[in-house]
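Trainee: Could you take one strand in this model and walk me through it closely, with its partners and contacts?

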Amino acid sequence: MIIRVRSVVTMDGPPIENGAVAVSGNRIIDVGKFPEISARHSGHTLVDLGEQALLPGLMNAHCHLDYTCLRGQISPRKSFADWIRAINAEKARLSAQDYLASITQGFAEAK
């Protein structure tokens with residue numbers, strides 16, 4: 001599969017405008033300008049994401065392990081502020097042991 005975007009940001013050089021990422025299975029196999037990638041990997045399915053930026057291989061390590069136990073406990077809210085109030089209300093019900101169990105579960109899932 002070839003994923004085409006306006007800009008590919010690889011973190012080891014300037015953004016690649018009119019960029020593309022070639023993927024095989026669950027692995028990135030090539031990154032570069034779209035014309036070059038499409039020529040090297042002709043026959044692959046094309047997914048054009050349009051005016052998007054793509055950060056291939058970026059792993060977002062930001063997490064709240066202590067919130068693991070709250071998964072599925074808070075229904076969607078109308079606003080971000082309402083969502084934060086709902087989280088704070090649920091957190092107020094947690095004991096120290098609940099937090100420890102939640103963090104332990106979050107670490108296990110991350111591993």
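**A close look at β1**

Mentor: Let's start with a contact: the side chains of Arg4 and Asp48 form a salt bridge, 2.8 Å from N to O. By salt bridge I mean a side-chain nitrogen of Lys or Arg within 4 Å of a carboxyl oxygen of Asp or Glu. The two residues sit 44 residues apart, Arg4 in strand β1 (residues 2-8) and Asp48 in strand β4 (residues 46-48), so this pair links distant parts of the chain. Helices (H or I, at least four residues) and strands (E, at least two) are DSSP runs, numbered from the N terminus.

Before going on, keep in mind that this is a predicted model: local features need pLDDT of at least 70 and side-chain atom pairs count only at pLDDT 80 or more, while totals for chains, interfaces and linings use all residues. Residues are numbered from 1 along each chain as its sequence is written, and side-chain values use heavy atoms, with hydrogens and water left out.

How covered are the two ends of that bridge? Arg4 counts as buried because its relative accessibility is 14%, whereas Asp48, at 47%, counts as partly exposed. The cut-offs are under 20% relative accessible area for buried, over 50% for exposed, and partly exposed in between (1.4 Å probe, protein chains only). Arg4 fits its strand: 6 of the 7 residues of β1 are buried, so β1 is largely enclosed by the rest of the structure.

Now the pairing, where two strands pair if DSSP finds at least two bridges between them. β1 runs antiparallel to strand β2 (residues 16-24), with 6 bridges joining them; Ile3 has Val21 as its bridge partner in β2. With β4 the arrangement is parallel, through 3 bridges. Here Arg4 turns up again, since its bridge partner in β4 is Asp48, the residue whose side chain it meets in the salt bridge. β1 also runs parallel to β5, joined by 2 bridges, and in β5 the partner of Ser7 is Ala53.

For some context beyond β1, the salt-bridge count comes to 6. One of them joins Arg40 and Asp30, with the closest N and O atoms 2.7 Å apart. Arg40 lies in helix α1 (residues 34-40) and Asp30 in strand β3 (residues 27-33), so that pair ties together parts 10 residues apart in sequence. Asp30 is buried at 16% relative accessibility, while Arg40 is partly exposed at 49%.
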